[in-house]
Structures are given as structure tokens and as C-alpha cells.
Amino acid sequence: MVDRVQDRSTVVTGAGKGIGRTIARVFAAEGARVLVSDLDLAAARATVALIEEDGGQAVACQADVSKRADAEAMIGEAMSHFGSVDILVANAGIFPSATIENMSEAEWDRVMSVNLKGVFFCVKSVAWAMRRQQSGRILLTSSITGPMTGFPGWAHYGASKAGMLGFMRSAALEYARDNVTINAVLPGNIRTEGLKDVGPEYLRRMEASIPMGYLGEPEDVAWAMLFLASEEARYITGQTLVVDGGQTLPESALALD
């Protein structure tokens, strides 16, 4: 199907770099008008510049999604620029590492505020507009970590990403009659800026744990998001789409021999 998101107004949070930047660029390349939101305004503007170089339409917005006022202002800015919000991609998230023994209450609260409460604020801020127009797509960037797997040092991150899915399922029920769908993509190991300092041996070990034998690219996540935002996915809500190259499939390392 052509024109999956043509002329549809789209908000992407955490779009100043990494997966969020690629989602914004892919949607813009498909004809969406994109509000690029990030805590770092300079990074958001850099994403907008890339989109405009490719002939797309985008505007930058600074927002801290952990603050309700910022989330509301972000949606208001999209409404002002585009007249509606057809698609929300709640992608913003943080992933600091800390063992439970060494994790402070403040560290736990910060991860929950951005990753989980931030989703609540964004959805709450946009849902009234989508309900009024009787249409909308809400997409969440979750993770395999938490909902499906665990990793030492990421207990707070995993809890936030698993909590996101619990929120999604109830929210999907609340807005189903309004033709608003809410779904989540669960990325595995994706090659982003966050991996630039881990070293070749660590990357080799990561790739060895993936049945397909290589890391995913941000585009792999963006294409999954694009499908869920399209009319082709109109009858899908409250669901998850895992993008991990088969990483969560093996029963043990023996299955990869």
C-alpha cells in the first residue's frame, strides 16, 4: 500500500538521535509531517535539518516528557503547526546502568519518570484530540529487556519497559471505540550511538547471541513502526511486535550451535 502516512501529522519523542531520529526520518520520507521532540533542542533541530535535506517536512520541539506541562505543550505545538495529531510515537527513554544494591531511589524514580510516566503524560495529552477526530495511532518503543528478558544493572529500565506494556493494554481498551490503536515495538540489540564505546569484542559477543548473526539497525524498528501506523494495521491494537533478529528465541546457547 502506498502513502501509508502521507500528510499525517506525527509526533516523535526522543527524536534527537538514535532510533527516534530514524523513526522521524523514515516517517517524513513517507510523507508525514513530523514534530521532532527531544530534551536536547539542538539535537531535535539537527534531525529536522536532515529531514529537510531529504525534502521532508518537520519542526523541532524541546520537551521533557517526564513533565506533564511539557507533554501538553508539545502536543499543543503539533496541533498549532499541523492542525491535528494523527500519530504519536512515544519513543523517549533513558537506560542508565546500576545494580539493585547500588541503585538510589532517585535513579529508580528518574527512569520511571521518563520511561513510564512520560508515556502516560504523552498519551494523556494526545488522546483527547484523537478521540475528537475519531482516529489515531499511538506507538510505544518498549524493549525485549523487561517484558521478555533481563540484564544485570537494568532492573529499573526493565521494570519501566514491562510497565509500559501493562499500561498499553488497558489504554488500548479505553480508546478502541474511538478508532485509536495503541501498540508497542520491542527492539532487541540495535546499532545506535549508545554502542559506539563498547568495543569490538563486546559487539562480537552480542552478535553471537542473535540467531540472524548481526545487530539490528534503527531502520528495522522504524519500518515496524511505519506498519503499525498504517491503515494496513487498522485492526491491530494492544499488541507487541518484537524486532530482535530472533534473539529471544533460543532455549539456550546450544540452540545456536
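This is a guided tour of a predicted model, with a suggestion at each stop of what to select and a note on what is there.

**The largest pocket**

Begin with the largest pocket, which holds about 1600 Å³ of space. Of the 50 residues that line this pocket, select the ones closest to its centre, namely Phe95, Trp154, Tyr157, Thr192 and Gly194. If you then colour the model by secondary structure, you can look for helix H1 (18-29), strand S2 (33-38), helix H4 (105-133), helix H5 (155-175) and helix H6 (200-208), each of which supplies at least two residues of the lining. Coloured by class, the lining of the largest pocket shows 21 nonpolar, 21 polar and eight charged residues.

**The aromatic cluster**

Next, keep Phe95, Trp154 and Tyr157 selected and add Phe151, since these four residues form one aromatic cluster. The whole structure has six aromatic pairs. How do the rings of phenylalanine 95 and tryptophan 154 meet? Their centres are 6.2 Å apart and their planes stand at 75°, so this pair is edge-to-face. Phenylalanine 95 belongs to the loop between strand S4 (87-90) and H4, while tryptophan 154 belongs to the loop between strand S5 (136-141) and H5, so the pair ties together parts that are 59 residues apart in sequence. Tryptophan 154 also pairs with tyrosine 157, with ring centres 5.0 Å apart and planes at 50°, so that pair is tilted. With a surface displayed, phenylalanine 95 counts as partly exposed at 48% relative accessibility, and tryptophan 154 is partly exposed at 25%, whereas tyrosine 157, at 10%, counts as buried.

**Salt bridges**

Now turn to the charged side chains, among which nine salt bridges are counted. Select arginine 25 and aspartate 54, whose closest N and O atoms are 2.9 Å apart in a salt bridge. This pair links distant parts of the chain, with arginine 25 in helix H1 and aspartate 54 in the loop between helix H2 (41-53) and strand S3 (57-62), 29 residues apart. Arginine 25 counts as partly exposed at 32% relative accessibility, and aspartate 54 counts as exposed at 56%.

Move on to arginine 131 and aspartate 178, whose side chains meet in a salt bridge of 2.8 Å, N to O. Because arginine 131 lies in helix H4 and aspartate 178 in the loop between H5 and S6, the pair ties together parts that are 47 residues apart in sequence. Is aspartate 178 buried or exposed? With a relative accessible area of 11%, aspartate 178 falls under the 20% cut-off and is buried, while its partner arginine 131, at 39%, counts as partly exposed.

**Strand S6 and the loop before it**

From aspartate 178, step along to asparagine 179, which is found in the loop between H5 and S6. Asparagine 179 has a positive phi of about 60° although it is not a glycine, and it is partly exposed, with a relative accessible area of 39%.

A little further on, select threonine 181 in strand S6 (residues 180-187), which counts as buried at 5% relative accessibility. Leaving aside neighbours within four places in sequence, threonine 181 is in contact with Gly136, Arg137, Ile138, Arg234, Ile236 and Thr237.

**A last stop**

Finish at aspartate 7, in the segment before strand S1 (9-12). Aspartate 7 is not a glycine, yet it has a positive phi of about 65°, and its relative accessible area of 45% makes it partly exposed.

Technical notes: Residues numbered from 1 in each chain as written. Predicted model: local features only at pLDDT ≥ 70, side-chain atom pairs only at ≥ 80, totals over all residues. Heavy atoms only, no water. Helix = DSSP H or I, 4+ residues; strand = E, 2+ residues; numbered from the N terminus. Buried < 20%, exposed > 50% of the residue type's maximum accessible area, 1.4 Å probe, protein only. Contact = heavy atoms within 4.5 Å. 1 Å grid on protein atoms, 1.4 Å probe; cavity = no way out; pocket = protein on both sides within 12 Å on 5 of 7 lines; lining within 4 Å. Points joined across faces, edges and corners; volume = space filled by probe spheres on them. Nonpolar A, V, L, I, M, F, W, Y, C, P; charged D, E, K, R; others polar. Phe/Tyr/Trp six-rings, centres within 6.5 Å; stacked < 30°, edge-to-face > 60°. Salt bridge = Lys/Arg side-chain N within 4 Å of Asp/Glu carboxyl O.
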